[in-house]
Amino acid sequence: ARAELAEQVTRVAELAVVRERQAGELARTGDRYADTEHRTSEQRQAIERSRSEAQESLEATRRCVREAVAQVGEAEEEARRLREEGAALAKARVEVSRAREAAR
């Protein structure tokens, strides 16, 4: 009975050593998982920051395009006005020239 009891105690002690080793491995696995989760969280935050910055850049680009389109419209209107003024000046020159001819 003592030998059996001693054998059972030995097996229980061996099993305790195995369980302790497994618990250590499990703890290390948990630490690695936590590290990975932390890095993943940081990566998600970096991706979100990049997305937000890209969105802001896109909005700024859209504003610049709208401003450029408005400036092109203003420039076209100014060019039209100058063409009209140029045509009026050319017509006036012709009339002045004719008046001079007629005066001679």
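What radius of gyration does the chain have, against that of a compact globule of 104 residues? In this predicted model, the chain has a radius of gyration of 44 Å, whereas a compact globule of 104 residues would have one near 13 Å. The C-alpha trace accordingly has unequal extents, spanning about 150 × 10 × 10 Å along its principal axes. The secondary structure consists of 1 helix and 0 strands; this helix, α1, covers residues 2-103.

The separation of individual residues was also examined. E85, which lies in helix α1, is 35 residues from S50 in sequence, and the C-alpha atoms of E85 and S50 are 52 Å apart in space. E85 counts as partly exposed, at 38% relative accessibility.

Solvent accessibility was evaluated for the chain as a whole. Of the 104 residues, 0% count as buried. The exposed surface amounts to about 9,500 Å², and 56% of this area is supplied by carbon and sulfur atoms. With regard to charge, the chain carries 21 positive and 22 negative side chains. The centres of these two sets lie 6 Å apart.

Side chains of opposite charge can pair when their charged atoms come close. In the present model, 8 salt bridges are found. Three of the residues involved, E77, R80 and E84, are linked in a network of salt bridges. Within this network, R80 and E77 meet through their side chains at an N to O distance of 2.2 Å. R80 and E77 are 3 residues apart in helix α1, and therefore about one helical turn separates them. A salt bridge also joins R80 to E84, with the closest N and O atoms 2.4 Å apart. E84 and R80 likewise both belong to helix α1, in which their spacing of 4 residues corresponds to about one turn.

The members of the network were further characterised by their accessibility. R80 has a relative accessible area of 32% and is partly exposed. The two glutamates paired with R80 fall into this class as well: E77 is partly exposed at 42%, and E84 counts as partly exposed at 45% relative accessibility. None of these three values falls under the 20% limit for a buried residue.

A further salt bridge connects E37 with R44. The closest N and O atoms of this pair are 3.9 Å apart, a distance within the 4 Å cut-off for a salt bridge. Both partners are accessible to some degree, E37 being partly exposed with a relative accessible area of 34% and R44 being partly exposed with a relative accessible area of 48%.

Taken together, the predicted model describes a chain with 1 helix and 0 strands, in which 0% of the residues count as buried. The structure holds 8 salt bridges, among them the E37 and R44 pair and those of the network that links E77, R80 and E84.

Conventions. Residues are numbered from 1 along each chain as its sequence is written. This is a predicted model: local features need pLDDT of at least 70, side-chain atom pairs count only at pLDDT 80 or more; totals for chains, interfaces and linings use all residues. Side-chain values use heavy atoms; hydrogens and water are left out. Buried means under 20% relative accessible area, exposed over 50%, partly exposed in between (1.4 Å probe, protein chains only). Helices (H or I, at least four residues) and strands (E, at least two) are DSSP runs, numbered from the N terminus. The radius of gyration is taken over C-alpha atoms; the globule rule is 2.2 Å times the number of residues to the power 0.38. Accessible areas come from the Shrake-Rupley method with a 1.4 Å probe; for residues, only the protein chains shown count as cover. Lys and Arg count as positive and Asp and Glu as negative; His and the chain ends are not counted. The place of a charge is taken as NZ of Lys, CZ of Arg, CG of Asp or CD of Glu.
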